[in-house]
Structures are given as structure tokens and as C-alpha cells.
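Visitor: I'd like a close look at one part of this model, the open space in it. Could you take me through what surrounds that space, and then carry on into the packed parts?

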Amino acid sequence: MGESILIKGGRVVTMDENDSIVRGDLLIRDGRIAGIGGDNSTNVDEVIDANGCAVMPGFVQTHIHLCQTLFRGAADDLSLIDWLKKRVWPMEAAHTQESIRASAQLSIVELIKGGTTCALTMETVRHTEEVLRVVEESGFRATVGKCMMDRGDDVPRELYEEARESVQESLRLIDQWHGRGDGRIRCCFAPRFAISCTRELLSEVAHLARERGVMIHTHAAENRNECEMVERETGKRNVAYLDSLGISGAHVVLAHCVHLDTEEMETLERTKTNVAHCPSSNLKLGSGLARIAEMLARKIPVSLGADGAACNNRLDMFTEMRTAALLQKLAHGPEVLPAARALRLATIDGARALGLEKEIGSLEIGKHADVIVVDLARPHSIPVREDLVSTLVYSAGSSDVRTTMIDGRVVMRDGELLTLNEADVIADANREAKALADRAALGQYPIAREGV
């Protein structure tokens, strides 16, 4: 890039191995971190004032559906299987290229404004290339997977695909998009979950992921009914079944993992398979309380995701880390999952789950400059104490993010988006959401034409 930026006068929350917090400046050159602490104010192209702010790595979310953000408020108060069959699948089937694009843009606006700079996403079966285009245009960092589905009861015709067709399209996207944007854009395989994929498809995905060196992103053990269906059809519990087909390991992210037995916990521990914990989604769908404290004690890698606006209904990492911490305290006592650990789940642990811990997730010399500036001078964060991490996890919110930078590029400055036009995105989203609801015959959930 050839540009230098100085973020001046803040408190730098590095998320390095010592959880160091440094008073001083953060210097960025050529898209990477070049200096931490002290005064580096000479010969820079831009200075960002961070007085009264925390300067920290951007959040890394490891389970999101960008394609579902137009479904916000249209799938409330349902359990998982009904939520899928009665609302989400019909709406995904009704998506067009235009509505997918509008949904992805709206998602990324919300993510950037809330301090998320990187995400692992699972899209729907069709039109995933539109999501990748939006990621490229917006400057966002993402690993994107086309949803794969070749079986299942009540699956709409538009979402059903033959295994060979599903694999070929996923490979096409990987060949054309993986590594674009100087590595900012990546692709993965994303079989939806065990009961929507044949054994043959899952086995082929397991083989190809290792052959191509790409990730697998899927759901597992989210809901008791889902677990019973998997066990009835395969004779194995969810994680055990996936592991038997080769879907386990450090390159695999399993979303949810709420209902696990001891053997499944041991499998995750042995294989170093990643778990994406989505506490707000699990609460809203009534799925249950994941045993995160036990997973962490076993050194199972855990990170966080908002899941989707259809089941959350926000994409807010501040909410997710606070909720994750509070839920484990309710289950195990107030000492469990302290603020510093929750913040690591939201940053460096997310980067590690994506295999990017050497590039992002903490502020260290040489890493990509994925950085956010968080205002700590708001009433709900006052008084600011020495324990800055407590303030970030328990008091701060997404509206406190002042500036967001990805790969050394400022994508939001003082709350104003620079790579997307927020007003246009909102207008497009309202128009496309109304048209999508009409196509999906969801007239009982009308979208206000003026967006209010």
C-alpha cells in the first residue's frame, strides 16, 4: 500500500500471549503493524486520534450467515427444525442474486460498524459468488463457504442439489476466489449439517478439504431433535459420525456443539477440532447451554460467532462475548470465563480457528493491521478503570466503535463507512427484503416500505 497511519494516544490492548496493554501509539506501515507504544508521530500520512479510547484487534467471528440478514425478525420464536423448515429454507430458496447482494452488504455494514473485521461464513446453496464480490468490494476479510445440501425432508427444490453438482460448484468458487485480495478472501467447504448431506458428500468434502488445504465449516449438535435424528439415521452421535467420515481436525469448525457426550468431548480434544460458540443464537432458539468451561479446560479450541440475524437478531460481538461469559458464570460460578478469556475468544482464538493466528487476531509487529478504536468515554463505560478488559467485555457496545481498519485500510472513520454507502445499503436491503418476503409467501411478516 505504501501508506503509513499513526493511531495516537490510546491504550493498546494487544491480545499478545501476555495480554499486554500499552499506553501510547500504534504505527501502521504498508498494511502491517510497525510500532507499538511510545511516540511514532514523525513522517506518517495520517494520524488518528485515539485519546480516551482502546485500540485493539478487530473481532474475528467464526460462524455467521451473511445471506440471512434480510431475514431479521421473520423467523422468531421457533425451535431449530421448525425455524429451518417454516422460515429459513423458504426464504433462502427465494433469494436472488440481488437479494443475496443486499443481504451481504447489510451484514458487512453491521459487522464493520460493530468492530468485526473478519468472519467465517456459511451462505446458501445458490448465488454465493455475490457474497464474495461484496466481501471484495467492501474490504472485509472473510472465509466464505457455499452451503452444501444433497438430502433432507422438506428441502425446497431451489436448495436441493446433487452431490456432484454441489462439489463442483464449491471447487469452482475455491479455484476462482480462494486467496484473492492478497489473501483477505478465502473459501471453504460448508456442508450444512449431517442430516442435510449424504454420507458420500461428507466423505468427499473431507477428502477434498485435506487435498486442497481449505477449511470445513458445518453445524453439529445444536439441538436435541437434530442429535436424535442423526443418531437414528447413522447409529452414531453427531460429532462421532462426522469424525468417522474424516470431518474433524484443526481445519474444521463445528458451529454450536451444545449437546455432546463425554466421548464426543474426547474426540474434539483429541482431534483439535474447533468449536464456534454462538450463545445468543443458542438462547433465542432454546437450543441449550454449551459446555464451554469444560471445553476450555480440555483445551478444545473455542471461538465465538453471532450466527445470523435470523436467529440472534444481531451480529454484535460485544453481545456475544458478554453473553458467553455470563452464561458460564450462571452454570459454574462467577470465577469462570473471566473477561480476559472472553476477549481472547473474540479475537486471537477466532484467528487461530481460521488458521490465521500468525496474521491477525492480536496487535503485534508484522501482523496485518486489522484494528478497531473503541470509545471508552461514553457514560456506560465511565469510570474507566485500570482493568480495561473488563470495560470492553462487560460495559462497551458496538456503537462505541469509532474507527475500523482492515489490512491497514480505514474502512470506517469516526463512525462513517468509507467502502460502502450506508444509506444506499439500507434502502436496498428494505426493498429486497420486501420482495423476498413476497416471493417466499411470508406476507404475515411485511417489511415497511419506508424502512420504519
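Guide: Let's start with helix H13, because no other element gives more to the lining of the largest pocket: the count for H13 is 3 residues. Keep in mind as we go that this is a predicted model. The pocket itself comes out at a volume of about 250 Å³. There are 14 lining residues, and those closest to the centre are Asn-274, Ile-300, Pro-301, Val-302 and Arg-352. H13 covers 348-353, and it has company: strand S12 (274-277) and strand S13 (302-304) also supply at least two residues each to this lining. As for chemistry, the pocket lining splits into 7 nonpolar, 5 charged and 2 polar residues.

Now for the closed spaces. Searching the whole structure turns up 2 cavities of 30 Å³ or more, and the largest cavity has a volume of about 100 Å³. On its wall you'll find His-65, Gln-68, Leu-80, Trp-83, Leu-84, Arg-192, Phe-193, His-219, Glu-222, His-256 and Asp-307. Here helix H1, residues 80-93, is the top contributor, with 3 residues. The mix in this lining is 4 nonpolar, 4 polar and 3 charged.

On to the packed parts. The largest nonpolar core takes in 125 residues, and Phe-189, Leu-343 and Val-374 have the most contacts inside it. Take Phe-189: setting aside neighbours within four places in sequence, it touches Met-148, Ser-170, Leu-171, Ile-174, Val-205, Leu-208, Ala-209, Val-214, Met-215, Ile-216 and His-217. Apart from that core there is another one, of 16 residues, and its members include Ile-5, Ala-50, Ala-369 and Val-371.

One last stop is Thr-116, which sits in strand S7, residues 116-122. With a relative accessible area of 1%, Thr-116 falls under the 20% cut-off, so it counts as buried. Its side chain still has a polar partner, though: there is a polar contact with the side chain of Gln-61, at 3.0 Å. Gln-61 also appears among the contacts of Thr-116 beyond four places in sequence, together with Phe-59, Leu-111, Phe-140 and Met-317.

Terms used:
Residues are numbered from 1 along each chain as its sequence is written. This is a predicted model: local features need pLDDT of at least 70, side-chain atom pairs count only at pLDDT 80 or more; totals for chains, interfaces and linings use all residues. Side-chain values use heavy atoms; hydrogens and water are left out. On a 1 Å grid over the protein atoms alone, a cavity is a set of points where a 1.4 Å probe fits but cannot get out, and a pocket is an open set with protein on both sides within 12 Å along at least five of seven lines; lining residues have an atom within 4 Å of a point. Grid points are joined across faces, edges and corners, and a volume is the space filled by probe spheres set on the points. Helices (H or I, at least four residues) and strands (E, at least two) are DSSP runs, numbered from the N terminus. Ala, Val, Leu, Ile, Met, Phe, Trp, Tyr, Cys and Pro count as nonpolar, Asp, Glu, Lys and Arg as charged, and the others, Gly among them, as polar. Buried means under 20% relative accessible area, exposed over 50%, partly exposed in between (1.4 Å probe, protein chains only). A polar contact is a pair of N or O atoms within 3.5 Å; within protein, one must be able to donate a hydrogen and the other to accept it, and residues adjacent in sequence count only if both atoms are side-chain atoms. Contact means heavy atoms within 4.5 Å. A nonpolar core is a set of buried Ala, Val, Leu, Ile, Met, Phe, Trp, Tyr and Cys residues joined through side-chain atoms within 4.5 Å.
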